[in-house]
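Q: Give me a close look at the part around the ligand, please. Work outward from there, so I can see how the neighbourhood is put together.

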Amino acid sequence: MGHALALGRRGLGRVWPNPAVGCVLMAGGRVVGRGWTRPGGRPHAETVALAQAGPAARGATAYVTLEPCAHHGRTPPCADALIAAGVARVVTALTDPDPRVAGRGHGRLRAAGVAVDQDVCAAAAARDHAGFLSRVAAGRPLLTLKLAMSVDGRIATATGESQWITGPAARRRVHLMRLTHDAVLVGAGTARADDPSLTVRGFGDVAQPVRVVAARTLDVDPRGTLGRTAGEAPVWLCHGSDAPAARLVEWQATGARCLEVASGPTGLAAPALLARLGAEGLTRVFCEGGGQFAASLLAADLVDRLVAMTAGLALGADGLTAVGPLHLDRLADAPRYTLDQTEPLAGDTLSHWTRDRP
Ligand SMILES: NC(=O)c1ccc[n+]([C@@H]2O[C@H](COP(=O)([O-])OP(=O)(O)OC[C@H]3O[C@@H](n4cnc5c(N)ncnc54)[C@H](OP(=O)(O)O)[C@@H]3O)[C@@H](O)[C@H]2O)c1
């Protein structure tokens with residue numbers, strides 16, 4: 001199952017709205033087939049592994065990181081394909097919470113005489129599938145917030161200079177993290193100040209994540225980098241109902257999608273924004289700031305994972321804070337995160353945190 005999970009992770013960031021599943025077929029002590037969900041979400045991992053195994057699948061054990069599907073979509077159900085191939089036993093890590101599956105895949109297999117073992121490596125699988133699980137259960141994608149900051153928690157100097165606080169190794173890691181997410185998200189202030197491209201660079205010809213900007217009034221120049229490159233990799237502008245019509249037309253002309261979202265006290269309503277991204281099929285979103293936007297996501301308790309990249313320089317209280325005001329009176333009201341891992345990275349440090357949820 002560990003091997004199947006590792007295979008499944010290869011699909012992270014490129015299979016949405018589907019889950020990134022891995023499958024290993026074993027027969028006679030040998031691996032006879034391996035598969036993972038292909039870019040775009042199809043074919044499914046089981047289909048790929050069965051095709052590789054051919055007749056060797058008869059009597060084999062299939063290790064699958066998520067319950068095989070049981071519904072007829074664009075392809076026949078994977079549970080049926082496993083049965084038809086003569087697989088003797090299926091071991092799964094998680095039950096698929098998608099209401100169209102939700103135990104029916106397991107049931108179909110058992111009804112056909114296939115032995116089924118469930119919940120193997122369930123905790124690890126829940127972590128890998130967290131984006132898909134969040135979209136199905138909460139209707140929104142998993143949200144990871146990256147903060148690249150000085151030791152005193154600043155993301156820019158008083159004049160707004162922010163490139164570069166962390167070193168090249170940390171920046172390369174950011175590109176890798178973009179690659180494993182369906183979308184990269186920033187606030188309009190960052191789009192205005194940095195004119196970023198938000199693409200994955202340095203990893204060859206890869207599927208680019210969707211680039212999303214939260215810009216209530218669409219006050220981001222469509223002639224900037226995002227507008228100029230909207231035909232090469234997707235750009236979505238999330239805006240409020242009061243965005244000027246002329247600006248909307250200008251952005252649409254670049255090839256970007258404009259998505260209307262309800263407004264809140266500090267801009268777009270953060271829960272509505274995330275719900276909209278979930279409805280569009282995104283399962284994993286990587287937010288890169290800036291401080292005002294990060295604060296509104298934290299205030300709404302929407303940040304599931306935090307990646308703090310800390311560089312060895314101090315920028316002082318007049319620098320721009322990594323997270324804007326949260327207006328907290330009591331420590332108990334602050335969202336608390338559990339440390340998963342820290343790593344030194346060529347002079348910077350990286351720490352990964354997960355939100356404690358009841
Ligand atoms: N070191 C780093 O890693 C890093 C990363 C990112 C940014 N930065 C720096 O941070 C600075 C930009 O940060 P910032 O805090 O000024 O801007 P920001 O947080 O990127 O964007 C704030 C803007 O986003 C829009 N917005 C839409 N919905 C919002 C919501 N719910 N809450 C808050 N804002 C919302 C608003 O603009 P509209 O009213 O126009 O919609 C708001 O003014 C730049 O200097 C940039 O270089 C550094």
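A: One cut-off first: buried means under 20% relative accessible area, exposed means over 50%, and partly exposed is what lies in between. Keep in mind that you're looking at a predicted model.

Let's use that cut-off straight away on T225, which belongs to helix α9, residues 225-228. T225 has a relative accessible area of 14%, so it counts as buried. Setting aside residues up to four places away in sequence, T225 touches D195, P196 and S197. Hold on to D195, because its loop leads back to a helix that matters for the ligand shell: D195 sits in the loop between α8 and β9 (210-214).

Now the ligand itself. There are 27 residues around it, and the ones that come nearest are T190, D194, R216, L268 and F293. By type, the shell splits into 9 nonpolar, 13 polar and 5 charged residues.

Three polar pairs are worth a look. In the side chain of R192, an N or O atom is 3.0 Å from a ligand oxygen. The backbone supplies the other two: a backbone N or O atom of G291 is 3.2 Å from an oxygen of the ligand, and a polar backbone atom of R216 is 2.6 Å from a ligand oxygen. As for how covered the ligand is, on its own it has 930 Å² of accessible area, and the protein covers 86% of that. Four elements each give two or more residues to the shell: β6 (142-150), α8 (188-194), β13 (267-268) and α12 (291-299). The largest share comes from α8, with 6 residues.

Go back to α8 and follow the chain into the loop towards β9. The backbone does something unusual there. Most residues other than glycine have a negative phi, and most peptide bonds are trans. D195, not a glycine, has a positive phi of about 45°. L198 lies in that loop between α8 and β9 too, and its phi is also positive, about 60°, although L198 isn't a glycine either. Their exposure differs, though: D195 is at 37% relative accessibility, so it counts as partly exposed, whereas L198 is buried because its relative accessible area is just 4%.

On the α12 side there's another backbone oddity. G290 lies in the loop between β14 (284-287) and α12, and the peptide bond from G289 to G290 is cis, with omega near -5°. A second cis bond joins W16 and P17, with omega of about 5°; P17 is in the loop between α1 (2-9) and β1 (22-27).

Next, a residue that links up two of the ligand's nearest neighbours. H239 is in strand β10, residues 235-239, and it counts as buried because its relative accessibility is 4%. Beyond its neighbours within four places in sequence, H239 is in contact with A215, R216, L218, L248, C258, L259, E260, V261 and L268. R216 and L268 are both among the residues that come nearest the ligand.

Step just past β6, and you reach G153, in the loop between β6 and β7 (154-156). Its contacts outside the local stretch are L320, T321 and A322. G153 and S197 are 44 residues apart along the chain, and their C-alpha atoms are separated by 24 Å. S197 is one of the residues that T225 touches.

For a point elsewhere in the chain, try T61, in strand β3 (residues 61-64). With a relative accessible area of 14%, T61 is buried too. Leaving out residues up to four places away, T61 touches V24, L25, M26, R89 and V91. The C-alpha atoms of T61 and S263 are separated by 51 Å, with those positions 202 residues apart along the chain.

Finally, zoom out. The chain has 12 helices and 18 strands, and 52% of its 358 residues count as buried. A compact globule with that many residues would have a radius of gyration near 21 Å, and the chain has 22 Å, so the two agree. Along the principal axes, the C-alpha atoms fill a box of roughly 65 × 45 × 40 Å. Among contacts with a separation of 6 or more, 71% come from residues 24 or more positions apart. The chain exposes about 15800 Å², with carbon and sulfur atoms supplying 54% of it.

Technical notes:
Residues are numbered from 1 along each chain as its sequence is written. This is a predicted model: local features need pLDDT of at least 70, side-chain atom pairs count only at pLDDT 80 or more; totals for chains, interfaces and linings use all residues. Side-chain values use heavy atoms; hydrogens and water are left out. Buried means under 20% relative accessible area, exposed over 50%, partly exposed in between (1.4 Å probe, protein chains only). Contact means heavy atoms within 4.5 Å. A residue is near a molecule or strand if one of its heavy atoms lies within 4 Å of it. A polar contact is a pair of N or O atoms within 3.5 Å; within protein, one must be able to donate a hydrogen and the other to accept it, and residues adjacent in sequence count only if both atoms are side-chain atoms. Accessible areas come from the Shrake-Rupley method with a 1.4 Å probe; for residues, only the protein chains shown count as cover. Ala, Val, Leu, Ile, Met, Phe, Trp, Tyr, Cys and Pro count as nonpolar, Asp, Glu, Lys and Arg as charged, and the others, Gly among them, as polar. The radius of gyration is taken over C-alpha atoms; the globule rule is 2.2 Å times the number of residues to the power 0.38.
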